Amino acid sequence: MESAFRIPKTEINKFPNKDHTYGETDSISMSNLINYLVKKFNITPPINFIDLGCGDGKLCRDLELLNGNLGLITGVELSKTRHNLCKKLYANSDTEIQWIHGDFINMDWNEYDIIYACNTCFSEHINEIILEKWSKINQTNPKFLITLKELPIDQINKINNKFKSNKNKQRYVIHMESHKMNVSWLKDKTNCFVYYTE
Ligand SMILES: C[S@@+](CC[C@H](N)C(=O)[O-])C[C@H]1O[C@@H](n2cnc3c(N)ncnc32)[C@H](O)[C@@H]1O
């Protein structure tokens, strides 16, 4: 059985500055969190969800089956081996998940309402880019960024101050809620951070 945990060295060498570590997020925890957000923020489904670095696509696939609030589900993955597994493992399913092979940094995230990054092992630089990119998307509807590693508070303060001092443009202030999430590599739940703007 092919596994997403091992990928060829050539793929790792091709992108030496990217993180190739593998682990999986529990879909029931994620589904519960999505339902909580729908209720708390009074969101009208369908909600578009993207997994930044989707591995073999298990989280997307399980969410598609578990969560009726979701609309478009996209899994983007840098590793060709893992991306091929997404397509292969779900080839016979009747679900409609969009699998993208590529770097999530180069994508447009505007059509997504929930952007998830299992970013525990991502470098500070990548985490900063994720926050920066998310803060720039059109936030007229609630848009959530969910991460497992807390994003740099200095950068959040900077973005908030910039929004506050910009009198002409629509202003958003970034807020954060802390939750808990089950993951494949820990016995206990880990912290999970939900960012949203108001
Ligand atoms: C820890 S795994 C998470 C798998 C899945 N998201 C989950 O939570 O169950 C992180 C994945 O991100 C992928 N990845 C890392 N940097 C990426 C990038 N810049 N663009 C797309 N995928 C990336 C890795 O190849 C790896 O498969």
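In the predicted model, Lys 136 is found in the loop between α5 and β5, and its environment is sparse enough, with 11 other C-beta atoms within 10 Å, for the residue to be classed as exposed. The C-alpha atom of Lys 136 is separated by 21 Å from that of Leu 148, although the two residues are 12 apart along the chain. Thr 140 also lies in the loop between α5 (124-135) and β5, and with 8 C-beta neighbours inside 10 Å it likewise counts as exposed. Between the C-alpha atoms of Thr 140 and Met 107, which are 33 residues apart along the chain, the separation is 20 Å.

The strand that follows this loop presents another picture. In β5 (residues 144-147), Phe 144 and Ile 146 point one way, whereas Leu 145 and Thr 147 point the other way, and all are buried. Strand β5 pairs with β4 (residues 114-117) in the parallel sense, over 4 bridges, and within this pairing Ala 117 stands opposite Thr 147. Ala 117 is also one of the residues in contact with Phe 122 when neighbours within four places in sequence are left aside, the others being Asp 19 and Asn 127. Phe 122 itself is placed in the loop between β4 and α5, yet it is buried, because 21 other C-beta atoms lie within 10 Å, where the threshold for burial is 20 or more. The C-alpha atoms of Phe 122 and Met 107, 15 residues apart along the chain, are separated by 17 Å.

Strand β1 (47-52) is largely enclosed by the rest of the structure, since 5 of its 6 residues are buried. Strands β1 and β2 run parallel and are joined by 5 bridges, with Phe 49 standing opposite Ile 73 in β2. The largest nonpolar core comprises 40 residues, and the members that touch the most others are Phe 49, Ile 50, Ile 114, Ile 115 and Tyr 116. For Ile 50, the contacts beyond four places in sequence are with Thr 74, Val 76, Trp 109, Tyr 112, Ile 115 and Tyr 116, so that two of the core residues just named, Ile 115 and Tyr 116, recur among its partners.

The loop that leads from α2 (27-40) to β1 contains Pro 46, and the peptide bond from Pro 45 to Pro 46 is cis, with omega near 5 degrees. Asn 42 has its place in the loop between α2 and β1 as well, and its phi is near 55 degrees, a positive value in a residue other than glycine. Asn 42 counts as exposed, having 8 C-beta neighbours inside 10 Å.

Helices α3 and α4 each contribute buried residues. In α3 (residues 58-66), those that are buried are Lys 58, Leu 59, Cys 60, Arg 61, Leu 63 and Glu 64, and the elements that cover them include α2, β1, β2 and β3. In α4 (residues 80-89), the buried residues are Arg 82, His 83, Leu 85 and Cys 86; these cover an arc of only 155 degrees around the axis, which means that they lie on the same side of α4. Their cover includes β2 (70-77) and β3 (97-101).

A residue of strand β3, Trp 99, has two of these buried α4 residues, His 83 and Cys 86, among its contacts. Leaving aside neighbours within four places in sequence, Trp 99 is further in contact with Gly 57, Gly 75 and Lys 87. Trp 99 is nevertheless partly exposed, with 19 other C-beta atoms within 10 Å, a count that falls under the 20 required for burial. The C-alpha atoms of Trp 99 and Ile 50, residues that are 49 apart along the chain, are separated by 9.9 Å.

The ligand is surrounded by 22 residues, of which Thr 25, Gly 53, Gly 55, Leu 78 and Cys 118 come nearest. Divided by class, the shell around the ligand consists of 8 nonpolar, 7 polar and 7 charged residues.

Key
Residues numbered from 1 in each chain as written. Predicted model: local features only at pLDDT ≥ 70, side-chain atom pairs only at ≥ 80, totals over all residues. Buried ≥ 20, exposed ≤ 12 C-beta atoms within 10 Å, placed from the backbone. Helix = DSSP H or I, 4+ residues; strand = E, 2+ residues; numbered from the N terminus. Arc of directions from axis to C-beta. Contact = placed C-beta atoms within 7 Å. Core = buried A, V, L, I, M, F, W, Y, C linked by C-beta atoms within 7 Å. Near = placed C-beta within 6 Å. Nonpolar A, V, L, I, M, F, W, Y, C, P; charged D, E, K, R; others polar. Pairing = 2+ DSSP bridges.
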